[in-house]
Each structure stands twice: as structure tokens, then as C-alpha cells.
Amino acid sequence: MEVFLQTLVAGILKGGLYALIGIGMTLIMGVMGIINLAHGQMMMVAMYVTYVFFHYMGLDPYITLLISMPALFLLGVLIQKFLLNPLMKVESILPENQVLMTVGIGMVLTEVARFIFTSNYLSVKTSYSTAAWHWGGISFSVALCIAFVFACLLTVILFWFLIKTDLGRSIRAVSQDGEAAQLMGINSERIKVITMGIGAGLVAAAGTLLLPIYYLFPDIGGPFTRRAFIITILGGLGSTVGAILGGVSLGLAEAFGSTYVGMEYEDLIGMMIFVLVLLFLPGGFKRLTKV
Amino acid sequence: MTFMKRNTAPLIVLLLLIAFPWIVQDSYYQHLMILVLMWVAIGSGWNLISGYTGQVLFGAAAFFGMGAYTAALLLNKLDISAWWGLPLGAVLSVALAFPFGWISFRLRGPYFALVTLALNEIMRHVATIWESLTEGMVGLLVMQTFVSKVPYYYIALALAVLSIVGVDLVMRSRWGYYFVSIREDQDAAESMGINTVRYKMVSLCLSALLIGLAGALYTNYMGFIDPKVVFSLHDISIMAILVGIVGGVATVYGPAVGAFIMVAVQEIFRSAGFGLFPYLSKATGWAWMATVTKYVSEAHVLSFGLLVVIVILYLPNGVTGDWSNLTRRLLFRKRETA
């Protein structure tokens with residue numbers, strides 16, 4: 001029973017971070033209608049930013065949030081403005097060239113990171129990295145708990161932003177119907193640029209929060225991109241609430257899988273869920289609430 | 001006569017390719033040409049499902065690895081010549097494509113692309129974890145049949161010709177028109193009475209057949225496979241996409257052009273400019289030259305990424321598709337500088 005509860009706790013805490021990754025992806029998905037296959041790689045960049053500030057300036061990773069999030073926001077804006085938006089005007093037979101473009105961007109980001117930092121594993125060791133609270137025989141990793149709280153906080157702020165502010169409303173409008181939104185006087189290209197920035201900023205937060213308990217190397221982006229799209233499909237495309245549910249379920253599935261089936265199956269389980277969802281619940285959790 | 005007239009250039013290229021092993025005796029260049037021919041087959045397969053039918057395949061490596069592992073396992077487990085892997089690997093690739101297509105063709109556009117990506121990952125994990133069958137990361141060894149590269153060259157050439165002629169024939173047939181109509185507008189195709197799921201399936205199975213054949217040939221030729229090599233996302237799946245789009249999406253000869261360009265690019269970086277950079281650094285003795293050499297030889301994945309970005313932005317229909325555009329631009333620039 002204790003093992004079960006421990007796994008449950010670990011899964012939910014990890015799921016909070018996954019939700020943060022998934023929300024960024026699903027926002028981009030909703031507004032642009034494309035799957036950002038460079039999502040994990042953006043997270044990797046944020047982790048390196050955090051690492052650099054920790055290693056050379058001794059900044060605490062949680063303070064670095066204030067640097068890594070704007071930095072990645074900028075990166076997302078630049079990518080959207082100079083690489084993805086121009087693609088709308090390019091005439092091509094291949095319909096999925098935007099998705100392909102994100103794959104290319106992801107490869108470039110990974111390899112540039114490898115040039116600068118080599119392939120060595122790096123980690124950020126803080127005083128709370130290995131600390132844990134104990135409560136009734138179950139341990140709560142301090143860093144994961146803090147990350148979970150931050151993730152919840154950011155999600156709430158995002159929801160407030162999307163529901164209450166003018167810009168947030170514009171984003172939701174473009175996401176629902178791009179052409180109609182444009183007719184209502186919304187500059188949809190600008191909205192796309194901002195959304196990409198927000199998505200990148202959110203995944204940057206996830207990366208920075210994850211770093212104290214994780215390790216870092218250039219290829220780390222790939223697995224997280226995969227997780228991000230599994231979460232997005234699981235939650236329902238373009239649904240932010242779905243992304244939270246999807247993130248937590250993936251966290252739980254991975255935790256239970258690695259406890260009860262075996263560590264090496266962790267990645268495979270996510271993929272199996274992905275295929276099963278597509279088979280039996282196309283549309284994800286979003287569909288359950290609507291139908 | 002019209003056949004000869006229409007196909008003059010390809011026939012000349014074919015004659016040159018047949019004569020190639022006699023002209024160039026160097027086994028290194030023969031090796032490169034074998035790779036090019038293998039990529040022609042993979043690129044043609046990718047082009048059929050993605051270029052013509054419009055269902056972008058991100059997981060060519062799944063079928064490639066299926067063919068490769070079939071050939072290697074035949075020898076290692078059943079003690080049958082790995083050459084039987086060519087027919088059997090192709091059959092098993094199709095056998096993988098069939099249920100996969102049945103599951104995933106209800107998805108469209110980017111979602112289909114994602115599922116193929118997932119298939120690639122699943123296959124790699126299975127090949128890694130199922131150690132009792134596949135030896136996991138240790139990999140499988142197959143003794144090469146021939147010492148000389150020439151027999152492999154002709155087998156690869158036969159495969160490449162088969163794939164190009166095959167794709168050409170299919171695209172001239174009724175099926176070809178179905179494929180293109182599905183790419184242009186799936187709903188319209190459906191309402192015209194085309195069973196879109198069936199013809200997407202036909203297209204995927206033909207692709208898997210070609211890619212699986214290439215995989216089995218790879219095992220026989222290279223003599224060693226492991227999950228990281230044959231199920232590689234970057235080196236197989238993305239490379240297949242690049243071969244397709246650099247050469248020209250939805251053109252018969254595009255994959256051939258693309259395969260040549262991409263293998264050349266890969267090799268230029270891997271061997272640091274065919275040994276030019278190491279030679280320069282030795283000849284000049286400059287320290288920074290050695291650093292440049294090191295970086296260039298590490299940059300081949302980076303070059304792939306940059307190529308994806310540049311090609312999609314400026315050459316969306318590939319060298320073949322944008323040929324007139326390309327020549328016009330280059331000629332225009334020449335006139336400007338003169």
C-alpha cells in the first residue's frame with residue numbers, strides 16, 4: 001500500500017510539470033493548428049539557460065525563472081515571426097511543411113546545444129535537490145513539491161490571462177476560428193507570434209523547475225517533445241483543461257508503469273497510451289466532457 | 001520511339017550507372033553510390049505515401065528497421081540466408097503497415113504524421129527491450145556474402161530502378177490519380193466514390209514494401225544492425241523526408257536527385273569535406289583549422305536541421321519541382337553580377 005501511495009504521489013507531482021509542458025503545446029496547437037515538434041527542444045534550451053546562470057552566477061533555479069521564461073518567450077517569438085509565419089505564404093505540395101519545419105528547428109537547437117555544451121550530462125545540485133518531507137511513511141520530494149506549486153500557480157495565471165484580458169480573449173478567438181477573428185479586427189499573425197512566445201515561456205518554466213531534480217544533456221528534448229504530444233492528444237487538441245488532465249494521467253501512468261512493470265518500459269507506456277487513445281478515444285478527454 | 005524520346009536523359013543516366021563500377025574502381029565511392037541507390041528506394045517509397053498521397057510519413061525507419069531485422073533474424077535464429085530477408089522483409093513491412101494503416105488512417109494531416117512518429121519510437125523501444133529475440137542494443141551480426149562491392153552495387157541499382165519504374169507505373173495507373181485526388185482534397189475524393197481509406201492503405205503498403213526491401217538490403221550489405229541505427233529518427237526517418245523534399249515532392253525522379261544530394265551532404269560533413277579539411281590543417285599547420293575540422297565532422301545532424309529549414313522556406317518543391325524557378329533565379333543573379 002505504501003508503495004502504491006508513494007507512486008501515486010510521485011505521479012501526480014510529476015504530472016503537474018507535464019501539464020505545464022502540455023498546456024504550452026496545446027495553446028500553440030489551438031491557435032496555429034500545427035504540432036510543435038520542437039517543444040521539448042525549447043525546454044532543453046531553457047534548462048541550459050538555467051544551468052548557465054546557476055553554474056556561473058550561482059543564481060537559484062527558481063529565481064532564474066524570471067530569466068529563462070522571457071528568454072524563451074523571445075525565442076518563440078523569433079521562431080514564429082521569421083520561420084513559421086513566412087511559411088504561410090510559401091506554396092508547397094506537401095501540406096505538413098510547418099510541422100516539418102518545427103522538426104528542423106528542434107534539430108538545430110539540439111545540435112547547437114551540443115556544440116556549446118558537448119554531450120556530457122550536467123546537473124544542478126542545490127541544497128533541496130535531494131531533500132524530502134516525510135508524512136506517514138510517504139516521502140515528498142521538496143523540489144518536486146515546489147515545482148508542483150509553481151506549475152499550479154502559472155496555470156492559474158494563464159487561465160486568468162486567457163479569460164480576463166483582452167489579449168487572452170483574442171488568443172481564444174483565433175483558436176476557435178482564425179478567419180472570423182481576423183474579420184473582427186484581430187491581427188492573427190501577431191496573435192500567433194505571441195502565442196508561440198507564451199507556449200515557449202511555459203515550457204521554459206517546466207524545464208527550469210525540473211532541472212534541480214533531473215539531469216541535462218542536448219538530446220533530452222526528444223523524449224519531452226514526445227511526452228508533450230502524447231499529453232496533447234490525450235487531453236484533446238487545443239483544450240487547456242484537457243492538457244492538465246492529460247499531463248497528470250501521463251505522469252501517473254509513467255510512475256505506475258516504472259514501479260510495477262519495469263523502468264525500461266517507461267517510454268513505451270506513453271506510446272502505448274497514445275495509440276490506445278487514438279484507437280478508443282479519438283479526441284481525448286475533451287470529448288468526454290462535451291459529449 | 002516515343003518511349004526512347006521521352007526517357008532519353010534517365011536512360012543515359014541508367015547506362016552511366018551500369019558502367020559506374022568499371023569507371024570508378026575505388027571501393028569508397030562505390031560504397032557511397034550503393035548508399036545513394038538504397039536511398040533512392042527509400043525516398044521513392046516515402047514519396048509515394050507522402051508526396052503523392054499527401055499523408056506525411058515521419059516514421060520511415062519503422063518499415064526500414066522491420067526489413068533490416070527480418071533479414072538479420074532469419075540468419076541468426078533460423079539459419080536461413082539473409083538474402084531471403086529481401087522478399088520476406090518486404091512482406092513483413094507490409095504486414096506491419098496494414099494494421100498500422102487500419103488504425104491510423106482515420107487521422108488526418110499532422111495527426112497522422114504524429115502516429116507514424118510514435119510507430120517509429122515504439123518499434124525502436126520494442127527492438128531494444130525484447131532482448132531474447134533481437135539481442136537489444138548489442139545488435140545483430142550478418143556475414144557479408146561478397147567481398148567485392150560490385151554485386152551489392154548491382155542489387156542496389158536493381159532495387160532503385162525497380163522503385164522508380166514501379167512508382168512511375170503506379171502513378172500512371174488509375175491508382176495514381178486516386179492518390180493525387182486524396183492529397184488534393186480528401187472529402188471531395190470520398191464524395192466522388194473513391195474509397196480513400198483503401199487507397200491510402202494501398203499507397204502505404206507499396207511504400208512499406210520499397211522501404212522494407214531497402215532495409216533488408218542494408219542488413220545484407222552493412223553486416224551489422226542495432227536498434228539505434230535502423231530505427232533512428234534522425235538518420236533514417238528525417239533523412240527519408242529530406243531525400244523526398246530536397247529532390248522534389250511528388251516527382252518521379254525527385255527522390256533520385258534528393259538521394260544523391262543528401263548522401264553527398266551527409267558524407268561531406270562526416271568526412272569533413274572528403275578529407276579536405278584535415279588535409280588543409282595538416283598542410284597549413286594552423287591550429288584553428290583542426291578545430292574547424294572537428295566542428296565540421298560533428299555538424300552533420302546540424303546541417304540536416306538547417307537544410308530542413310532552408311529547403312522548406314526557399315525550395316518547398318525541391319530541386320526537381322522548383323527547377324525552372326531555381327535556374328531563373330541563379331541566372332538572374334549571374335546577370336546581375338556581370
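The exercises below, each with a worked solution, concern a predicted model with chains A and B.

**Exercise 1. The contact between the chains**

Determine how many residues each chain brings to the contact, and which helices of chain A supply at least two residues of the side that touches chain B.

Solution. Begin with the totals: chain A gives 35 residues to the contact, and chain B gives 34 residues. Next, look at the elements on the chain A side, where α4 (97-117), α9 (221-235) and α11 (266-280) each supply at least two residues. Among the contributions to this side, the largest share is that of α4(A), with twelve residues. Finally, sort the residues on the side of chain A that touches chain B by class, which gives 26 nonpolar, three polar and six charged.

**Exercise 2. A helix of chain A and its cover**

Find which residues of α5(A) are buried, and name elements of chain A that cover them.

Solution. First place the helix: α5 of chain A runs over residues 142-164, and its 23 residues reach 33 Å from the first C-alpha to the last, close to the expected 33 Å. Then pick out its buried residues, which are A:Ala143, A:Leu144, A:Ala147, A:Phe148, A:Ala151, A:Leu154 and A:Thr155. A general point helps in reading such a list: an α-helix has 3.6 residues a turn, so residues three or four places apart point the same way. As the last step, turn to the cover over these buried residues, which includes α1 (2-32), β3 (138-141), α8 (188-210) and α10 (240-260) of chain A.

**Exercise 3. One residue of α1(A)**

Decide whether A:Leu27 is buried or exposed, and list the residues that it touches beyond four places in sequence.

Solution. A:Leu27 belongs to helix α1 of chain A. Because 25 C-beta neighbours lie inside 10 Å, A:Leu27 counts as buried, the cut-off for burial being 20 or more. Leaving aside residues up to four places away in sequence, the contacts of A:Leu27 are A:Thr195, A:Ile198, A:Gly199 and A:Thr240. For one of these, A:Ile198, the separation along the chain is 171 residues, while its C-alpha atom lies 8.4 Å from that of A:Leu27.

**Exercise 4. Two bent helices of chain B**

Find where α4(B) bends and where the kink in α13(B) is centred, and say which residue follows each helix.

Solution. Take α4 of chain B, residues 60-78, whose 19 residues reach 26 Å between the end C-alpha atoms, close to the expected 27 Å. The bend in α4(B) is about 25° and falls at B:Ala72, and the helix is mostly covered, with 16 of its 19 residues buried. The residue that follows α4(B) is B:Asp79, which has a positive phi of about 60° although it is not a glycine. B:Asp79 sits in the loop between α4 and α5 of chain B and is exposed, because 7 other C-beta atoms lie within 10 Å, where the cut-off for exposed is 12 or fewer.

Now take α13 of chain B, residues 233-247: its 15 residues should span 21 Å at 1.5 Å a residue, and the end C-alpha atoms are 20 Å apart, which agrees. The kink in α13(B) is about 35° and is centred on B:Met239, a residue that is itself buried. This helix is mostly covered, since twelve of its 15 residues are buried. After α13(B) comes B:Gly248, with a positive phi near 140°. Further into the loop between α13 and α14 (254-270) of chain B lies B:Ala250, whose phi is near 60°, a positive value in a residue other than glycine. B:Ala250 is buried, because 23 other C-beta atoms lie within 10 Å.

**Exercise 5. A pair of packed helices**

Describe how α5(B) and α11(B) pack, giving the angle and the distance between their axes.

Solution. Two packed helices are described by the angle between their axes and the distance between the axes. For α5 (residues 85-104) and α11 (residues 196-222) of chain B, the angle is about 145° and the axes are 7 Å apart. The crossing of α5(B) past α11(B) is right-handed. To complete the description, divide the residues of this contact by class: 16 are nonpolar, eight are polar and one is charged.

Methods: Residues numbered from 1 in each chain as written. Chains lettered and ligands numbered in written order. Predicted model: local features only at pLDDT ≥ 70, side-chain atom pairs only at ≥ 80, totals over all residues. Contact = placed C-beta atoms within 7 Å. Helix = DSSP H or I, 4+ residues; strand = E, 2+ residues; numbered from the N terminus. Nonpolar A, V, L, I, M, F, W, Y, C, P; charged D, E, K, R; others polar. Expected span 1.5 Å × (residues − 1). Bend = angle between axes of the 7 residues up to and from the residue. Axes fitted to C-alpha atoms, helices over the stretch in contact; angles between N-to-C directions. Left-handed = near helix turned anticlockwise from the far one by under 90°.
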